[in-house]
Amino acid sequence: QVQLVESGGGLVQAGGSLSVSCQASGSIFSIVSMGWYRQAPGKQRELVADITSDGSTDYGDSVKGRFTISRDNAKNTVYLQMNSLKPEDTAVYYCNAVRVSAIGRYIYWGQGTQVTVSS
């Protein structure tokens, strides 16, 4: 099992910056990637960014060039720095972790943290 605890988020004006972080605990040795997804009201959950255990990153098209994902392996924590925020970035942001074991692939989710960007 993997537990994910998110922190950060909140309210910011358009053009501003915000950061969120997510710390993993439990069976962290077999985590192959961690990342962030978001879900706005009435919309499907979408990828924001993820980072693999070897540092490879992937970003959703709408956040490329504005958001940066990073990780601190010693702290089992992944960070998302969000710059040049837009009202359309408003959503609940969920931390995600993918763990692989000999018997399967498991996906874990945090409880979510609200990010609101005012115009």
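## An all-strand predicted model and its single disulfide

The place of Thr 90 is in the loop between strand S8 (77-82) and S9. This is a predicted model, and Thr 90 is a handy spot from which to start looking around it. With a relative accessibility of 22%, Thr 90 counts as partly exposed. Leaving aside neighbours within four places in sequence, Thr 90 is in contact with Ala 40, Gln 114, Val 115, Thr 116 and Val 117. Ser 25 is another matter: 65 residues from Thr 90 along the chain, Ser 25 has its C-alpha atom 27 Å from that of Thr 90.

### The overall picture

Stepping back, the protein has eleven strands and zero helices. Its pattern along the sequence reads β-β-β-β-β-β-β-β-β-β-β. The radius of gyration is 14 Å, close to the 14 Å that the globule rule gives for 119 residues, so the protein is as compact as a globular protein of that length. Taken along the principal axes, the C-alpha atoms fill a box of roughly 45 × 30 × 25 Å.

How much of the protein is buried? Buried residues make up 41% of the 119 residues. Among the contacts with a separation of 6 or more, 53% come from residues 24 or more positions apart. On the outside, the protein exposes about 6,200 Å², and carbon and sulfur atoms supply 49% of that area. If you care about electrostatics, here is one value to keep: the mean positions of the 10 positive and 9 negative charges are 3 Å apart.

### The disulfide

The count of disulfides comes to one. The bond joins Cys 22 to Cys 95, with an S to S distance of 2.0 Å. Cys 22 lies in strand S3 (residues 18-26) and Cys 95 in strand S9 (residues 91-101), so the pair ties together parts that are 73 residues apart in sequence. Which hand does the disulfide have? The torsion about the S-S bond of Cys 22 and Cys 95 is about -85 degrees, so the disulfide is left-handed.

Are its two ends buried or exposed? Cys 22 has a relative accessible area of 0% and is buried. Cys 95 is likewise buried, with a relative accessible area of 0%. The cut-off for buried is under 20% relative accessible area, so both values qualify.

### Along strand S9 and into S10

Asn 96 also lies in strand S9. Asn 96 is buried, with a relative accessible area of 5%. Which residues does Asn 96 contact, leaving aside its neighbours within four places in sequence? They are Leu 4, Ser 33, Met 34, Gly 35, Tyr 37, Ile 107, Tyr 108 and Trp 109.

Tyr 106 lies in strand S10 (residues 104-109). Not counting residues up to four places away in sequence, Tyr 106 touches Ala 97, Val 98, Arg 99 and Ser 101. Val 2 is 104 residues from Tyr 106 along the chain, and their C-alpha atoms are separated by 9.3 Å.

### Loop residues

Phe 29 is found in the loop between S3 and strand S4 (31-39). At 71% relative accessibility, Phe 29 counts as exposed. The C-alpha atoms of Phe 29 and Gln 111 are separated by 21 Å, with their positions 82 residues apart along the chain.

Two loop residues deserve a look at their backbone angles. Asn 76, in the loop between strand S7 (67-72) and S8, has a positive phi of about 55 degrees although it is not a glycine. Ser 84 has its place in the loop between S8 and S9. Phi of Ser 84 is near 50 degrees, again a positive value in a residue other than glycine.

The table gathers accessibility values for some of these residues.

| Residue | Relative accessibility | Class |
|---|---|---|
| Phe 29 | 71% | exposed |
| Asn 76 | 25% | partly exposed |
| Ser 84 | 40% | partly exposed |
| Thr 90 | 22% | partly exposed |
| Asn 96 | 5% | buried |
| Tyr 106 | 28% | partly exposed |

Key. Residues are numbered from 1 along each chain as its sequence is written. This is a predicted model: local features need pLDDT of at least 70, side-chain atom pairs count only at pLDDT 80 or more; totals for chains, interfaces and linings use all residues. Side-chain values use heavy atoms; hydrogens and water are left out. A disulfide is a pair of cysteine sulfur atoms within 2.5 Å. Helices (H or I, at least four residues) and strands (E, at least two) are DSSP runs, numbered from the N terminus. Buried means under 20% relative accessible area, exposed over 50%, partly exposed in between (1.4 Å probe, protein chains only). The radius of gyration is taken over C-alpha atoms; the globule rule is 2.2 Å times the number of residues to the power 0.38. Contact means heavy atoms within 4.5 Å. Accessible areas come from the Shrake-Rupley method with a 1.4 Å probe; for residues, only the protein chains shown count as cover. Lys and Arg count as positive and Asp and Glu as negative; His and the chain ends are not counted. The place of a charge is taken as NZ of Lys, CZ of Arg, CG of Asp or CD of Glu.
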